[in-house]
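User: I have a structure open and would like to go through it piece by piece. Can you help me read it?

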Amino acid sequence: MENKIELPDCNLAALQAFARRLGETIPPATILLLSGDLGAGKTTFVQALGEGLGIKEPILSPTFTLINEYVEGRLPLYHIDLYRLQPEDVESLALETYWDGIEVEAGITAIEWAERLSEFPPNYWSITLYSTPQNTRRLVFEKVGDFGIDN
């Protein structure tokens, strides 16, 4: 996959197809940091990603639970939502547990409202969603960090 992909005029079906395909091919221990305004499609993206991972149970926004874990797919999905938190509150979640695979199986860590992180992992995929006046989305997908040759 390229280091940067931009889909400038992405309808809902195209956004979901992209995320589903990503879920079918994404390697373990991948961190996805999602940013975008309220309603831009972050949770929709993670739901389609989960479908691509083969997760059958409904993927719900963890706005109030903060972290939802889905372990029955091809890879585990750790869905995190930082909307209600300030950066100083995020530290107590010990999110490095997920991206370092310390106490959980290496899977996909998807973090909504990633701009609220006080510390970023060394390697991650940044996904920024923008709403457009035409009621579509603009998606910018970029690898950040040193992924080596094969990633």
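Analyst: We can take the sheet, then a helix pair, then two loop residues.

User: Before that, what kind of model is this?

Analyst: This is a predicted model.

User: OK, the sheet. How many strands does it have, and in what order?

Analyst: The sheet is open and has 7 strands, in the order 1-7-6-2-5-4-3. The pairing is mixed.

User: Which strands are at the edges?

Analyst: Strand 1 (4–10) and strand 3 (67–70) are the edge strands, and each of them pairs on one side only.

User: How much are neighbouring strands turned against each other?

Analyst: On average by 15 degrees, with direction ignored.

User: What holds strands of a sheet together in general?

Analyst: Strands pair through backbone hydrogen bonds, and the pairing is either parallel or antiparallel.

User: Let's start at strand 3, then. How does strand 3 run against strand 4, parallel or antiparallel?

Analyst: Strands 3 and 4 run antiparallel and are joined by 4 bridges. One bridge pair is Tyr70 with Leu77 in strand 4.

User: What connects strand 3 to strand 4 along the chain?

Analyst: A hairpin does, through 6 residues.

User: And strand 4 with strand 5, parallel or antiparallel?

Analyst: Those two run parallel, with 5 bridges between them. Tyr78 stands opposite Thr109 in strand 5, and His79 has Ala110 of strand 5 as its bridge partner.

User: Which way does strand 2 run against strand 5, parallel or antiparallel?

Analyst: Strand 2 and strand 5 (residues 108–112) are parallel and share 5 bridges. Ile31 stands opposite Thr109, and the bridge partner of Leu32 is Ala110. Thr109 therefore turns up twice in this account, facing Tyr78 and facing Ile31.

User: What about strand 2 and strand 6?

Analyst: Strand 2 (residues 30–36) runs parallel to strand 6 (residues 124–131), and 5 bridges join them. In strand 6, Leu129 is the bridge partner of Gly36.

User: Where do side chains point in a strand, generally?

Analyst: In a regular strand they alternate between the two faces of the sheet.

User: So which residues sit on each face of strand 2?

Analyst: One side has Thr30, Leu32, Leu34 and Gly36, and the other has Ile31, Leu33 and Ser35. These residues are all buried, so both faces are covered. That is 7 of the 7 residues of strand 2.

User: How many residues of strand 5 are buried?

Analyst: 5 of the 5, so strand 5 is largely enclosed by the rest of the structure. Ile108, Ala110 and Glu112 lie on one side and Thr109 and Ile111 on the other.

User: And strand 4, how many there?

Analyst: In strand 4 (residues 77–81), 5 of the 5 residues are buried. Leu77, His79 and Asp81 are on one side, with Tyr78 and Ile80 on the other.

User: New topic: helices. How do you describe two packed helices?

Analyst: By the angle between their axes and the distance between the axes.

User: What are those values for helix 1 and helix 2?

Analyst: The axes of helix 1 (residues 12–25) and helix 2 (residues 42–53) come within 7 Å and cross at roughly 45 degrees. That makes helix 1 oblique to helix 2. The crossing is right-handed.

User: Which residues make the contact?

Analyst: From helix 1, the contact includes Leu12, Leu15, Phe18, Ala19 and Leu22. From helix 2, it includes Phe45, Ala48, Leu49 and Leu53. By type, the contact residues divide into 9 nonpolar, 4 polar and 3 charged.

User: Last topic: you mentioned loop residues. What is there to say about the phi of Ala29?

Analyst: Phi of Ala29 is near 65 degrees, which is a positive value in a residue other than glycine. Ala29 is in the loop between helix 1 and strand 2.

User: What about Trp113, what is its phi and where does it lie?

Analyst: Trp113 also is not a glycine, and its phi is positive at about 60 degrees. Trp113 lies in the loop between strand 5 and strand 6.

User: Is Trp113 buried or exposed?

Analyst: Trp113 counts as buried because its relative accessibility is 9%, and the cut-off for buried is under 20%. Ala29 is partly exposed, with a relative accessible area of 48%.

Definitions and conventions:
Residues are numbered from 1 along each chain as its sequence is written. This is a predicted model: local features need pLDDT of at least 70, side-chain atom pairs count only at pLDDT 80 or more; totals for chains, interfaces and linings use all residues. Side-chain values use heavy atoms; hydrogens and water are left out. Axes are lines fitted to C-alpha atoms, for helices over the stretch in contact, and angles run from 0 to 180 degrees between N-to-C directions. Angles under 35 degrees count as roughly parallel, over 145 as roughly antiparallel, 65 to 115 as roughly perpendicular and the rest as oblique. A crossing is left-handed if the near helix is turned anticlockwise from the far one by less than a right angle, and right-handed if clockwise. Contact means heavy atoms within 4.5 Å. Ala, Val, Leu, Ile, Met, Phe, Trp, Tyr, Cys and Pro count as nonpolar, Asp, Glu, Lys and Arg as charged, and the others, Gly among them, as polar. Two strands pair if DSSP finds at least two bridges between them. Buried means under 20% relative accessible area, exposed over 50%, partly exposed in between (1.4 Å probe, protein chains only).
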